[in-house]
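Grab the coordinates and work through a few exercises with me. Each one sets a task and then walks through the solution step by step.

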Amino acid sequence: QGFGTGKINLGELEVVKITEFERVWSCSLLRGKAEGVTFYKPVGIPDGFFCLGYYCQPNDQPLRGYVLAARERVASSTEVYCYYDSDTDFPALRKPVNYSLIWSTDCGSGCGFFWLPNPPLGYKAMGILVTDTPDEPDVEEVRCVREDLTETCEIMDTILATDVNTFQVWTTRPCKRGMFCKGVSVGTFFCCTYFISENQELEIACLKNLDPSLHAMPNLDQIHALIKHYGATVFFHPKEDCMPSSVQWFFKNGALLYKDGKVNGEPIDYLGSNLPSGGTNDGAFWIDLPRDDNARKNVRNGNLESAELYVHVKPALGGTFTDIVMWIFCPFNGPANLKIGLMNIQMNKIGQHVGDWEHFTLRISNFTGELWQVYFSQHSGGEWVDAFNLEFIEGNKPIVYSSKHGHASFPHPGIYLQGSDKLGIGIRNDTARSNCFVDSSTRYQIVAAEYLGGVVTEPCWLQYMREWGPTIVYDSRSELDKIISLLPLFVRFSVENIFDLFPTELYGEEGPTGPKEKDNWVGDERS
């Protein structure tokens with residue numbers, strides 16, 4: 001079908017992903033790095049398609065990027081998203097009027113000249129061109145896109161920052177991103193010699209997907225094939241004592257539903273059918289561990305044998321990528337381990353809470369079916385990691401390391417500090433490989449894929465929008481006072497300063513909400 005065919009229909013435009021490049025110019029003026037960057041012209045563009053802009057990347061990583069090339073489609077009579085007939089004076093693609101020179105330099109490896117296409121009225125440029133001579137590029141080299149087929153984009157990662165006229169180069173992405181957003185990343189870069197804020201509208205744009213069918217998204221069989229092929233193995237720390245479990249095991253082993261104003265909780269049905277459905281997190285309900293001490297300890301420890309990943313599949317970047325979001329549930333989040341300089345202090349209660357939902361996300365290219373990136377959720381944020389920087393097990397299955405007690409996800413084993421790296425103060429996130437792991441390529445359940453219509457039946461517990469644990473307020477001052485008393489006099493901080501340095505979740509925990517209440521259920525990942 002439309003998934004993995006190499007071309008994607010965006011409405012009036014059809015686009016292909018170009019991954020073959022010809023080097024144009026390199027520069028090593030990157031602040032603090034000697035590797036430098038290289039600018040590339042896309043080559044091997046199929047007949048009838050047109051270049052939209054050039055590509056750039058740092059030299060210290062494999063050449064694995066892409067840019068999109070586009071051509072106009074012939075509209076059928078049923079395609080209501082086509083606003084103009086291609087035979088009119090407003091075709092989807094037009095040549096630029098001319099170019100403006102943004103910047104030029106000779107950094108010892110040849111001259112580089114950066115050109116911004118000047119689009120006709122009602123059109124937008126999609127990218128920058130680079131030449132190694134001062135001659136202005138031919139207007140046939142690139143195409144601009146009619147404005148109603150574009151969306152605004154913003155700068156993302158800095159690729160090049162020089163001390164010459166404050167010239168900088170960034171990757172770009174659509175300003176609006178998420179399951180229902182239409183912005184499509186072109187893969188081009190933006191550069192300028194003036195200050196620009198992260199949310200400032202740029203002189204180039206991204207594309208917009210106006211095809212409501214999202215035909216390039218995978219069907220249910222293809223989703224299962226992707227998970228079987230790319231499903232990550234999640235390793236837990238050798239000393240982890242707060243293991244994951246299935247939601248059903250959690251309910252079956254004594255989890256209780258509490259209602260505001262009532263002292264006693266009620267047992268939760270195995271499927272969660274008696275949980276309140278829908279609404280918002282209004283504080284009227286919450287879940288807690290069983291009251292019996294033995295049962296409470298049993299549930300708190302989790303049950304690795306029953307654990308599985310709960311999968312939400314959704315469009316990303318206008319349906320040109322598929323996000324396979326894998327949620328894992330832990331009945332309990334253990335206490336934090338604090339690092340202060342060379343000292344490591346295991347807290348008694350700070351950081352604990354009932355019901356811990358964590359996730360990681362596989363981002364798949366809908367052009368090729370290739371694993372492009374993995375997102376590692378880490379408490380209140382996270383990071384995207386390119387596929388070439390991942391660890392793999394059994395072929396193309398990446399490894400995810402879950403941190404001890406906190407269950408944050410990381411791409412490699414080691415110690416990650418959440419707090420102030422400069423001062424060496426914060427929460428330790430310890431990760432390591434062990435015999436405790438979950439293979440998500442076999443132990444998973446698809447719980448939602450809205451774009452497929454009613455193909456996937458969502459479980460009852462997924463509609464529970466309240467908290468999966470009670471609100472806890474810690475006596476952080478007494479524990480932190482003990483820490484301060486252990487510090488040498490010349491490095492002691494006031495209690496107020498220590499509070500400023502540590503993450504906010506140390507001081508109190510509201511019970512976490514379920515996956516559907518998280519920002520990334522509909523929106524893009526935080527990065």
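**Exercise 1. Find the element that gives the most to the lining of the largest cavity, then describe that cavity.**

Step 1. Strand 27 is the top contributor to the lining of the largest cavity, with three residues. Strands here are DSSP runs of E with at least two residues, helices are runs of H or I with at least four, and both are numbered from the N terminus.

Step 2. Before going on, some ground rules: this is a predicted model, where local features need pLDDT of at least 70 and side-chain atom pairs count only at pLDDT 80 or more, while totals for chains, interfaces and linings use all residues. Residues are numbered from 1 along each chain as its sequence is written, and side-chain values use heavy atoms, with hydrogens and water left out.

Step 3. Now list the wall: Val-234, Ile-328, Glu-358, His-359, Phe-360, Val-400, Ser-402, His-407 and Ser-409. Two elements, strand 27 (353-365) and strand 31 (397-402), give two or more residues each. (A cavity is a set of points on a 1 Å grid over the protein atoms alone where a 1.4 Å probe fits but cannot get out; a pocket is an open set with protein on both sides within 12 Å along at least five of seven lines; lining residues have an atom within 4 Å of a point.)

Step 4. Sort the wall by class and you get four nonpolar, four polar and one charged. Ala, Val, Leu, Ile, Met, Phe, Trp, Tyr, Cys and Pro count as nonpolar, Asp, Glu, Lys and Arg as charged, and the others, Gly among them, as polar.

Step 5. The space inside comes to about 50 Å³, where a volume is what probe spheres set on the points fill, with grid points joined across faces, edges and corners.

**Exercise 2. How many cavities of 30 Å³ or more does the structure hold, and what lines the second largest?**

Step 1. The count is three.

Step 2. The second largest has a volume of about 50 Å³. Its lining includes Arg-177, Met-179, Lys-314, Asp-323, Arg-363 and Asp-524.

Step 3. Strand 23 (residues 309-316) supplies the largest share, three residues. By class, the tally is four nonpolar, two polar and five charged.

**Exercise 3. Characterise the largest pocket.**

Step 1. Its volume is about 1200 Å³, and 41 residues line it. Nearest its centre lie Met-156, Asp-157, Thr-171, Gln-373 and Asp-386.

Step 2. At least two lining residues come from each of strand 6 (55-58), strand 14, strand 15, strand 28 (371-378) and strand 29 (381-386). Strand 14 has the largest share, with six.

Step 3. The class split is 15 nonpolar, 14 polar and twelve charged.

**Exercise 4. Trace the open sheet that holds strand 14 and strand 15.**

Step 1. Five strands line up as 16-18-14-15-17, with antiparallel pairing. (Two strands pair if DSSP finds at least two bridges between them.)

Step 2. At the edges sit strand 16 (183-184) and strand 17, each pairing on one side only.

Step 3. Strand 16 is joined to strand 18 (residues 205-208) by two bridges, and Gly-183 stands opposite Lys-208.

**Exercise 5. Which residues touch the most other members of the largest nonpolar core?**

Step 1. That core has 34 residues, and the best-connected are Phe-39, Phe-114, Val-169 and Phe-189. (A nonpolar core is a set of buried Ala, Val, Leu, Ile, Met, Phe, Trp, Tyr and Cys residues joined through side-chain atoms within 4.5 Å.)

Step 2. Another core, of 32 residues, lies apart from it, with Val-234 and Tyr-444 among its members.

Step 3. Among the contacts of Phe-39 (heavy atoms within 4.5 Å) are Trp-25, Tyr-55, Phe-114 and Leu-160.

Step 4. Strand 3 pairs with strand 4 in the antiparallel sense over six bridges; Arg-23 stands opposite Tyr-40 in strand 4. Five of the seven residues of strand 3 are buried.

**Exercise 6. Is Ser-440 buried or exposed?**

Step 1. Locate Ser-440 in the loop between strand 35 (437-439) and strand 36 (444-448).

Step 2. Ser-440 counts as buried because its relative accessibility is 0%. (Buried means under 20% relative accessible area, exposed over 50%, partly exposed in between, with a 1.4 Å probe and protein chains only.)

Step 3. Leaving out residues up to four places away in sequence, Ser-440 touches Ile-227, Gly-231, Ala-232, Leu-309, Met-326 and Phe-360.
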